[in-house]
Structure formats: structure tokens, C-alpha cells
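Here is a short briefing to read alongside the structure. It starts with the overall build of one chain and then moves on to particular residues and charged pairs.

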Amino acid sequence: MLHDILSMVFSEAFLSSSIRLASPLLLAAMGGILSERSGVLFLGLEGFMLLGAFFGFLGSYYFGPYVGILTAVAVCMVISLIYAVSTVTLAVNQVVVSVSMNILALGITGAYLRVLFGAHTHQLTTVRLRVMEIPLLSSIPFFGAFFRQNLFTYIGYLLVPVVYIIFFRTKWGLNIRAVGENPHAAETMGVNVSRIRYLSILWASAFAAVAGASQTIGNLGIFVDNMIAGKGFIAFAAIILGRFHPLGVMLTVFFFGIVDAFQLNLQAMGSSIPYQFPLMMPYVFTLIAFLLAGSGKAPKAWGVPYTMEK
Amino acid sequence: MSSKKTSRDFSRYTAVLTPVLGALLGVLIGSLVVVTRERSLFLVLGQMFHGAFGTWSNFSSSMVYAVPLGFTGLAVAFSYSAGVFNIGAEGQLQLAALSAAVVAVNPAFGFSPLVHVTLAILAGSAAGALWASVPGLLKAYKGFNEIVVTMLMNYIAILLVSYFLQGPMKNPSSYYPQTVRFQQTAWIQRIVPSLNLHWGAVIFLAAVAVVWFVLHKSVFGFQIRSVGFNPEGARYAGTNVKGIMLASMVVSGALAGLAGSVEAMGVYRRVMEGFSPGYGYDAIAVALLAGLNPIGIIFSSFFFGALRNAAGNLQVDFGIPISFIYIIQSSAIVFVISAQGFLNRFKMFMRRFKHAA
């Protein structure tokens, strides 16, 4: 048994599936991180991923996968305006609105799926994005697995340096960080706090949408109710665990990908362990990681609505 | 003086008016989603009204749905009064039902229905409180985001319950993942034999009274609300902020636990997989629409209970997806909270306007 597990873990197939399972988390976390650092608690990742999965599926079902991705992004950005208007312009509690966004996503996806397709939704499938092998790099032994993935994973890879550069090499990123730490000071320096936060929310919802779409268009080709199943919350936890830094977040989501691949393989091996326990592992490990690593230092104005008077 | 009085009247007025408007708007938006050419808005609304209140039996079912929502609503409102957002009511209530079942199927306690029911309920609440104490401890003493922790623990709890219902606690003679039927002495009985409304509704009203008293008339409640309003200020005033946060979660978990055990003992008389359609998640809307006010929760739980009941009937009769009630819930919350935000911004604007003039 132990030998089987070890030989499974050190296989190229295992590495490949770890990367595949980490990629929605990477996309969502690289989206959310901008919002978090601008001081807006974006707990709605879960809901926007679910919306992205659904509208990605829908667009792909009718017009093909690339339109699917664009549909997911467009719809999520529009819906995120509800979040932006209420939390930034009206300065209401971000947690409450985040949670309602997640509920809204459950409602919209669950209701429209049946309104559009009736009760028999299980046969509906869409074209999936295929694996694209990158020449040369994909032939590296073992680590070539990183370069035999689909488009979504590559977007995820790309986002890490992009977010890094935004944060630490651009004026925009400097403003985002300033607004997240001390919006009053930033405003005094002439930064438009509301605009920075609106843009960050739009960014976060856009990549949460791509992350969600990766689950339907990139992975399964079908949509199932509540199919994100907590991945948005795990991505959110990864942002905290990665200390709000793109590189830290990248390492954290990769760790979660390994855990997820491990439990899936464990189930597939047909061991005598009841299936509920492997399924529990991603949640348990996230919780344990949370406990061991601590919550770290969050942006000072994180979750605090900003009003000019105060 | 007089202007202060009118402004207080105004805020009391809006405290009732905004949730009612929010609820109505939510129903309207939610219903528009399921309107088609053959199914007009009036037909949907009419059918919803009929499903919720049309007959004594429908009315009774609406109240039966309201009971678990009321308990979980109280649970969310209680801890949120201390500023701790318990999104974990679902996991807490599921584990509570399982824990209550351990007592309820045991004939050893069957010598007195009162004792048996009480013990089963206590077992359930203890499980809920224990499960909620984990995020409570982490939030209070380590500063972890309680929403992430409670949400992750929901998934763990639901899988644990699933394991027990398919494994150690499964009724061996049943195909389905469910426990054996509870001992009759552990049933929460119906109030009127012909209607499904059970005494759990009375337990809920009693819980409302207790929670209202604790929150608004006791020192503990004052501390809870002061921690929720301004933790720094509460600490400065000598309140044990961390202890209060933890205690609020423990009580919240116990209340959520009541939802699970009372539902199992009053409606199904057993625990089966998926017995809760998400009462723990609905609780958020119930508590927020009521403005965290225990008395208000009587009304908001009834509203959302009626909605669940009506939506269930719509699904059976017209194939309208039950998920549309989530659109109603979220629209109502966003409306209510945004209306408050808008009024606050408006007041701020008026103040500045007066200063300028």
C-alpha cells in the first residue's frame, strides 16, 4: 500500500494532475490578490468562480470555448459592479455583500441552468480546451509536465509575473498597496481611492471568472450545481497563507494542488478508506495550513470601508 | 431636540420599511427569472402565495420550514452581534442532528419522553457548540478569518455526516443512507395531529425570548454588543473581548444545533443524507433581513420558510428550479444593506451641506 502510494506520488502523471488541479486556484488567487491588497475583502471568489463556470459553459456550449471564456469574464465583471457600488460607493459591510454574492451565484446558476435546459441537464456537454504542448520545454523529463497543460494553466503561469510587476514595478501597483494600507493618506497624496478599488474588484472578478471557466471548459466539459465546492474559499485562504505576495500565493496553491491530486489518486486506487475521507483532505489540509502558518500580516485597511469623513 | 426625535422616528421607520421593501423587491427580481411566455409574473406570484399560505396545510408547512431557519437565524445573529460571522451553521446543524440521533435511537432513555427529548436536544446543541468553538477560538485568539474557517468546516462536517450515515450509523435494513427511526419517546410531537406543525415551533419562540433577553437585558449581552460595535472601545472598558467572541460562537453553535436536532426529531424522526436543504446558509439572509433583531427573526424566518415551502411546490407543479430563492435572498440582503449605506452617505452629505451653508 505504502509502496503504491509512493510510486504514485513520484510519477509524472501525479505532478501533471497536481498542476492541473492547482490552476483554478492560481487563477482565482491572482485575481483576488489585487482586491485584497487594495483593502477590499473579496470573499466572493467562490461565487464569481461559480458564475464563471456557468457562463463559461453557456458561452462555450453555444459559440465555442473562447467565446465561453469571454462570456464568463464579461458577465462576472458586470455582476461585480453590484459588489463595487455597495462596498466602495455606499461603504457597506464587505463581508455581508461578499456572502450575498456567493448566494446570488448559487441562485443564478442553479435557476438559469434549468430554465434554459429543463430538468435533464446531465447530458449537456461542451467542447473542452485541449492540452497544448509547448515545444522543447514539454520534453524535459519529469518537469515537462508543467508544459503539457491547457490554456488556463498557462494564463495562470503568466499572471504570477504580471501581478508581481503590477504590484512592485508600476505606479498603479504602488497606489493599490497604498490604498490597502492607508486610504486616507493615499487620498491626501492625490490617489483616487474609489477608482483603485473599483478596478481591483473588476480585476478580481474577471480572473475568478476565468478560474471558474477552467472548471467547465478546461476540465469537465459539463456544469454541475455548486461545482466550485469551496475552491474559492481555498483560493482565498491561499492568498492569506501566501502572505498577500504573488510568489507566496503561487507556492501555496501548488501545495493545495498536490493535496487534491493525492486525494483523487487515493480514491482511484480503490483503497478501503471510505471515500468521504479523501474528499475531506483539501479542506482539512487548508485548515491545518492555516493553523500552522498563522494568518500573517494583512493590509491594514483590509475589509474597512473607506469614507472621506472619519 | 425635536429634530433629534424625528430623526430617531425616521430610523425606526426605516428599520422596518427597508427589510419589507427588500423582501418584496427580492421576490420580484427572483420571480422575473422564472417568468416565461407561458408563465406570467402574476401566475408565478399567485402560485407562490398559494403554495405558502393557500391552505391550512400549506400554511402549517411554511411554519415547519421556518423553525430550522429561525434557529439558524438566531445563531447567525447572536455571534454577529459580537462581530463574528458564523457561516458554519450548516455544518453545525448537521453534526448536531447526528449527535441527537445517537441519543434518540437509544431505548435506554425511553423511560420518559420529556427526558429523552431533552437529552437528545442537549446532545445536538453540545455538538453544534463544540464544532463552532473551533472557529470561535481561532477568530478570538489567533485572528483567523472566521468565514474561511467555518466554510471549510462545513464541507468537513457534511462529509463526516455522510460517512456516518453510510457507515456506522446506517440503518442496516435500508437501502438509503439514513439512521434507523428514532424511538417514539424522542419524537417532537405535532401540535395538532392533522397538521405537520410540531412543538419545535414553540421551542423556537422560547429561544427567541431567551436570546432577546440575553442580548438586550443582560450584562453578557451588553458586552457582546459592545464587542460587535467597537472591539477597541470594549477592551478599553475592561471587557474580555476574546472571551466574549468565543462565547458568542459557542452559543451560536448551540443555537444552530437546535435547528438540526429539532428538525430531525420533529419532522423526519431520523437523520438522512441531505435532510437539510441548506438551512444553515439561508440563515444569513434570515438574520440580516431581521437586522439581527431576535423578534425580527420570527418574521424573517417565516418569510424565508414560506418561500422555501412555496418554491418546493412550484418545483413540483411547474418545474421551476428551487434555486431561484437564492436570488431572492441575495437581492433582499443587498437591497437592505445598500439602503442603509445609502441613507448613511445621504446623512453625511446633508451634514456637510449644512456646515457649508
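What percentage of the 357 residues in chain B do buried residues make up? The answer is 54%. Please keep in mind that this is a predicted model. The points below are grouped by topic, so feel free to jump to the one you need.

**Overall build of chain B**

- Chain B contains 13 helices and 0 strands, and its pattern along the sequence reads α-α-α-α-α-α-α-α-α-α-α-α-α.
- With a radius of gyration of 21 Å, close to the 21 Å that the globule rule gives for 357 residues, chain B is as compact as a globular protein of that length.
- The C-alpha trace of chain B spans about 80 × 60 × 35 Å along its principal axes.
- Take the contacts in chain B between residues at least 6 apart in sequence: 75% of them join residues at least 24 apart.

**Surface and charge of chain B**

- Chain B has an accessible surface of about 15,900 Å², and carbon and sulfur atoms account for 68% of that surface.
- The charged side chains of chain B number 23 positive and 9 negative.
- The centres of these two sets of side chains lie 12 Å apart.

**Two serines to look at**

- A:S100 sits in helix α5 (residues 94–117) of chain A.
- Its relative accessible area is 1%, under the 20% cut-off, so A:S100 is buried.
- Once neighbours within four places in sequence are set aside, A:S100 is in contact with B:S330, B:I333 and B:V334.
- B:S276 lies in the loop between α10 (241–268) and α11 (279–289) of chain B.
- B:S276 counts as buried because its relative accessibility is 8%, where buried means under 20%.
- Not counting residues up to four places away in sequence, B:S276 touches B:E90, B:L93 and B:Q94.

**Salt bridges**

- How many salt bridges are there over all chains? The count comes to 6, and the pairs described below are among them.
- In chain A, the side chains of A:R114 and A:D225 meet in a salt bridge, at 2.4 Å from N to O.
- That pair links distant parts of the chain, 111 residues apart: A:R114 belongs to helix α5 of chain A, while A:D225 is in the loop between α9 (193–220) and α10 (231–241) of chain A.
- Both partners are partly exposed: A:R114 has a relative accessible area of 24%, and A:D225 has a relative accessibility of 33%.
- In chain B, a salt bridge joins the side chains of B:K139 and B:E146, at 3.2 Å from N to O.
- Is B:E146 buried or exposed? At 6% relative accessibility, B:E146 counts as buried.
- B:R235 forms a salt bridge with B:E232, and their closest N and O atoms are 3.1 Å apart.
- B:R235 and B:E232 are 3 residues apart in helix α9 (residues 231–236) of chain B, so about one helical turn separates them.
- B:R235 counts as partly exposed at 42% relative accessibility, whereas B:E232 counts as exposed at 53%.

Methods
Residues numbered from 1 in each chain as written. Chains lettered and ligands numbered in written order. Predicted model: local features only at pLDDT ≥ 70, side-chain atom pairs only at ≥ 80, totals over all residues. Heavy atoms only, no water. Helix = DSSP H or I, 4+ residues; strand = E, 2+ residues; numbered from the N terminus. Rg over C-alpha atoms; globule rule 2.2 N^0.38 Å. Buried < 20%, exposed > 50% of the residue type's maximum accessible area, 1.4 Å probe, protein only. Contact = heavy atoms within 4.5 Å. Areas by Shrake-Rupley, 256 points an atom, 1.4 Å probe, with all protein chains shown as cover. Lys, Arg positive; Asp, Glu negative; His and termini not counted. Charge placed at Lys NZ, Arg CZ, Asp CG, Glu CD. Salt bridge = Lys/Arg side-chain N within 4 Å of Asp/Glu carboxyl O.
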